[in-house]
Amino acid sequence: MYPFIHIGPATLGTFGLMLWLAAVCATLTLHFNLKRNGIDADALNIVAFVTIAGVIGAKTWHELQDVASLKLALHQIAAPGLHHPMDMLAGFLHWFQAGFAWFGGMLAGIAMLIWQGRESGLKPLRMLDLAAPAAAVGYGVGRLGCFTSGDGDYGIPTTHWWGVGFPHGLVPTPPGVLVQPTPIFELIFSLALAWFLWQHGKKLRPVGAMTGLYLFLSGIGRFLVEMIRINPKLYWPKSAWATSNAQVAALGSVVVGAVLIAWACGKRAEPSPVEEAVGSPS
């Protein structure tokens with residue numbers, strides 16, 4: 001794969017390009033979902049803030065999982081000193097190219113969506129419901145950045161025909177070794193989930209139902225893909241129940257999603273005041 005694209009003196013990171021493409025796809029999905037629900041809100045503004053919050057949250061969560069490595073990285077960034085600001089900036093950008101945790105990004109994105117919903121006059125959970133299909137699309141397309149950059153989010157070695165090598169990735173694989181292309185698996189799963197949520201959202205659902213479905217199903221998908229990913233199994237590592245941080249977070253997502261679905265089942269499907277002002281969604 002190609003972590004960077006060199007165009008003359010300019011260097012573009014493919015992870016960043018795919019993150020931009022993910023934001024564009026999520027913006028379009030959210031725009032059409034807001035439109036079909038009769039809500040006048042700026043999808044581009046919403047996704048821009050959520051993307052920034054998600055990237056910061058994902059990076060923060062990843063780094064806090066290994067504080068010792070974080071301290072070493074920050075020391076290396078600061079090593080050139082204040083008299084060499086460009087060297088420090090280059091070190092920071094290199095450090096920021098890889099190492100993002102899905103769960104941290106999701107939490108930060110949810111917090112930002114809740115704030116955006118309040119600003120738009122919507123109930124917090126209603127905004128999350130509306131953004132669920134866009135979140136699935138954005139997450140899936142964003143995983144293409146992990147694939148093109150080879151940032152270490154790939155899976156365990158495989159001999160299957162779909163195996164992929166990342167000898168020039170940010171986290172290179174050994175020469176001749178093929179691994180499971182887990183980012184592609186997540187892309188396929190996420191797009192299927194987005195389609196399901198989009199179809200399910202054609203009718204007005206109780207507040208929280210769509211969010212619950214997204215958390216429940218995406219958590220299952222993430223837990224399963226982690227079974228063939230190279231992430232270290234930190235909990236019960238020598239047993240058949242060995243799990244990674246991401247799997248524990250995914251299980252939490254499943255539980256919260258199930259609780260939300262059960263809670264929403266006892267509610268009536270009612271439009272928010274903003275939706276009532278323009279009529280119920282078709």
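How do strand S1 and strand S2 pair, and over how many bridges? Here are my notes, bearing in mind that this is a predicted model.

1. **The N-terminal strands.** Strand S1 covers residues 4-7 and strand S2 residues 10-13, and the two run antiparallel, joined over four bridges. They make a hairpin with two residues between the strands. One spot to look at in the turn is Gly-8, where phi is positive, at about 60 degrees.

2. **Ile-5 and the patch.** Ile-5 sits in strand S1, and its bridge partner in S2 is Leu-12. Ile-5 is partly exposed, since its relative accessible area is 34%. Both Ile-5 and Leu-12 also belong to a nonpolar surface patch, along with Ile-7 and Leu-17. Together these side chains offer about 310 Å² of accessible area. As background, side chains in a regular strand alternate between the two faces of the sheet.

3. **Arg-143 and Asp-153.** Now to the charges: the structure has five salt bridges. One of them joins Arg-143 to Asp-153, with the closest N and O atoms 2.7 Å apart. Arg-143 belongs to helix H6 (residues 124-149), while Asp-153 is in the loop between H6 and helix H7 (182-200), so this pair ties together parts ten residues apart in sequence. Arg-143 and Asp-153 are both buried.

4. **Arg-143 again, with Glu-186.** Arg-143 has another partner: its side chain meets that of Glu-186 in a salt bridge, at 3.0 Å from N to O. Glu-186 lies in helix H7 and Arg-143 in helix H6, so here the tie is between parts 43 residues apart in sequence. Glu-186 is buried, as is Arg-143.

5. **Arg-222 and Glu-226.** This salt bridge stays within one helix: both residues lie in H8 (residues 209-226), four residues apart, or about one turn of the helix. The closest N and O atoms of Arg-222 and Glu-226 are 2.9 Å apart. Are Arg-222 and Glu-226 buried or exposed? Both are buried.

6. **The network.** The pairs above are best read together, as Arg-143, Asp-153, Glu-186, Arg-222, Glu-226 and Arg-229 are linked in a network of salt bridges. In general terms, side chains of opposite charge can pair when their charged atoms come close.

7. **Ser-244 beside Glu-226.** Glu-226 turns up once more here: its side chain makes a polar contact with the side chain of Ser-244, at 3.2 Å. Ser-244 lies in the loop between H8 and helix H9 (245-265). Why is Ser-244 called buried? Because its relative accessible area is 1%, against a cut-off of under 20%. Leaving out neighbours within four places in sequence, Ser-244 is in contact with Glu-226, Asn-231, Pro-232, Lys-233, Leu-234 and Tyr-235.

8. **Ile-184 in H7.** Helix H7 also holds Ile-184. Ile-184 counts as partly exposed, because its relative accessible area is 23%, and buried would need under 20%. Which residues does Ile-184 touch, not counting those up to four places away in sequence? They are Leu-144 and Phe-147. Ile-184 and Leu-144 are 40 residues apart in sequence, with their C-alpha atoms 7.0 Å apart in space.

Terms used: Residues are numbered from 1 along each chain as its sequence is written. This is a predicted model: local features need pLDDT of at least 70, side-chain atom pairs count only at pLDDT 80 or more; totals for chains, interfaces and linings use all residues. Side-chain values use heavy atoms; hydrogens and water are left out. Two strands pair if DSSP finds at least two bridges between them. Patches are made of residues with over 30% relative accessible area and no salt bridge: like charges are joined within 9 Å, nonpolar side chains (Val, Leu, Ile, Met, Phe, Trp, Tyr) within 5 Å. Accessible areas come from the Shrake-Rupley method with a 1.4 Å probe; for residues, only the protein chains shown count as cover. A salt bridge is a side-chain nitrogen of Lys or Arg within 4 Å of a carboxyl oxygen of Asp or Glu. Buried means under 20% relative accessible area, exposed over 50%, partly exposed in between (1.4 Å probe, protein chains only). Contact means heavy atoms within 4.5 Å. A polar contact is a pair of N or O atoms within 3.5 Å; within protein, one must be able to donate a hydrogen and the other to accept it, and residues adjacent in sequence count only if both atoms are side-chain atoms.
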